[in-house]
Amino acid sequence: MIQPVIFPKANTGRRLSLNSDELQFFDVFGFIVLKQFFSESEVERIHKEIEKAKAVTFSDQSFDPTIPSSERLQTIQLSSAYSPFIFTLSEDERAYGIAKQIFDEKLIGHQCHASMFVGDTRWHPDHPPINPYPDHRYGIKFGFYTDTLTADTGALRIIPRSHKQPYYGDLKKMPGISNPENIEAFPGFACESNPGGIVLFNLNCWHASRGGKAGRTMLEIVYYSYPKSTDHIEAMQGQIKWSKQVFKTRTDEKKRQTQL
Amino acid sequence: MIHNITESSEIGDVRTTLTRTEVQYYDTFGFIILRNHFSKDEMKIITDEFNYAVELEFKDKPFEKDLPTSERAQCISFTDSTTPILATLAEDPRYYKIAEQLLGGEIIGSQGGGCLYVGDTRWHPDRVPDGRYKTAVIDKPKEYSRYSNHNFGCKFALYLEAVDANTGALRVLPRSHQQPFYGELRKIPGITDAENVHSLPGFVCATEPGDILIFNHSCWHASLGGKSGRPMISAGYYAYPRTEDQAQELRETYMHGKTLSRKYSREGKEPESLSEYDQNLNQCPLRAKWIEYKREFGYYDYNSESLEEELKEP
């Protein structure tokens, strides 16, 4: 029975791992939705902390609902001072436990990030162009939202199975796949979610979103597989370089806008 | 630019080929929706003919709205004499030429069929599971080796009413026509259970009358929430076998088709319309060729009664 994998009938409480059916689902499709991953009290705490963090982040320069995230991502600054629960979520034994289970090896966890999204997000994988991880286990992301999201209000859309080759590469060859107007043209699955639920997906998985309101808040925790070969190290270095470049571009843009 | 792919042609546009990008889309995902493949006027004719066929079919024994299709399919027969458009749909160049293009050459078509569906349809591909028959080539699982480009065959589906996620639209698992995905799905616990249609991340192929959906026979598909008696018209094509393994699979498929036809028909035998189709009264050359191909691959070698002998014990 796989029904509980996506549609659990009740809160399963604290979970430190996936069951074998869930692991199989994640491996076959590249993602899984876990509802009520966080308890109601935790959802409330996350909400309070994120509101504080938004107040701090946008105290000098207000959040701009007109700038698409594709041009500039408006990240929320998290801190152990005013968002201690969120700040340490990557060390939470639930997320970390599942990450360890999936990689079954050493891994590298990253600090939880939060952003306020504006506009649609075109199809893309969270992975540098070169993929030297033949076993498709480069990294994973736990994504969760502070609002209820549906297919037409910004829920994450995933192309199931797209984390594996040659599908992953075939999608890169599809004309126009990265064009923002083509989000509807590809057969994605909308991971509709409520606060407290998470979408766990392989970083290779192609994903997108459409129709969300300006300022929808997404939090994410990322784990990378510890590199085991020269190829892996190069891929990781590429990822770091790419991340820094994106950060620099967006920071420069922010500075430029401040100066204006 | 691909964003036109599922928005497709203008109403009434007669298309007998797909663009290169559309073929790429079909090869990548295992299905494609062609919008407005038939004009509104054509749909009126098709619907009228279908309704007439329904009238004939259920004249003596009424349609049973509470009988799930999973227990017995309530099929509609098309004949050259009573429903000439529907009986020759598979021979329409808007169908068979696209099938030739997608299957990469010579094809074998068969008579189109109609059905009034009742209830949900569980996840399944339109291929016979390995080892179903005594004659199966079990040392070479067909899913792995017989069709290098995964093009065993394809189906054209035409819904006469608008269908969406909650009203019986076909759900497909994109890319599931290709290995190893196809085979991995078979191993998922409960995948073919009726209550698990919700549980897999299928893409809902919502369609309006006039749209057609083409999908690879290997593509896993299902449906959910349709009203009792929702009408669907389909036509299937197989790639002409090029190897003995492929020929073997086609033989098994014909055998399986006849088994199902007998099992699910109301009379426990094949519909008489099939024999009328094979008479090819209008002497259509295309149909004549396909009949010969079917003969070549054993379609006429099996009668319903002898099939039980060929079935493996469960």
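**Reading strands and confidence in a two-chain model**

Tutor: In chain B, 85% of the contacts between residues at least 6 apart in sequence join residues at least 24 apart. Keep in mind that this is a predicted model. Chain B holds 10 helices and 11 strands, and buried residues make up 42% of its 314 residues.

Student: What makes strand S9 of chain B largely enclosed by the rest of the structure?

Tutor: A residue is buried if 20 or more other C-beta atoms lie within 10 Å of its own. In S9(B), residues 212-216, 5 of the 5 residues are buried, so the strand is largely enclosed by the rest of the structure.

Student: Which residues of S9(B) point one way, and which the other way?

Tutor: Ile212(B), Ile214(B) and Asn216(B) point one way, while Leu213(B) and Phe215(B) point the other way. In a regular strand, side chains alternate between the two faces of the sheet. Here the residues pointing either way are all buried.

Student: How do you know that S1(B) and S9(B) are paired?

Tutor: Two strands pair if DSSP finds at least two bridges between them. S1(B), residues 31-34, is joined to S9(B) by 4 bridges, so the definition is met. The two run antiparallel, and Leu34(B) has Ile212(B) as its bridge partner.

Student: What makes S6(B) a partner of S9(B) as well?

Tutor: The cut-off of at least two bridges applies again. S6(B), residues 153-159, pairs with S9(B) over 4 bridges in the antiparallel sense. There, Cys154(B) has Asn216(B) as its bridge partner.

Student: Now to another sheet. Why are S5(B) and S8(B) called edge strands?

Tutor: The strand order in this open sheet of 4 strands is S5-S10-S7-S8 in chain B, with antiparallel pairing. S5(B), residues 121-124, and S8(B), residues 203-205, each have a single partner strand, so one side of each is left without a neighbour in the sheet. From one strand to the next, the twist averages 25°.

Student: How do you know that S7(B) pairs with S8(B)?

Tutor: With at least two bridges needed, S7(B), residues 170-172, has 3 bridges to S8(B), and the strands run antiparallel. Leu170(B) stands opposite Cys205(B) in S8(B).

Student: Turning to chain A, what is its average pLDDT, and where does pLDDT stay under 50?

Tutor: Chain A averages 87, and 85% of its residues score at least 70. Residues 1-5 of chain A stay under 50, although the model has 20 contacts for them beyond four places in sequence. Residues 7-11 of chain A are also below 50, with 6 contacts beyond near neighbours in sequence.

Key:
Residues numbered from 1 in each chain as written. Chains lettered and ligands numbered in written order. Predicted model: local features only at pLDDT ≥ 70, side-chain atom pairs only at ≥ 80, totals over all residues. Buried ≥ 20, exposed ≤ 12 C-beta atoms within 10 Å, placed from the backbone. pLDDT = per-residue confidence, 0-100. Contact = placed C-beta atoms within 7 Å. Axes fitted to C-alpha atoms, helices over the stretch in contact; angles between N-to-C directions.
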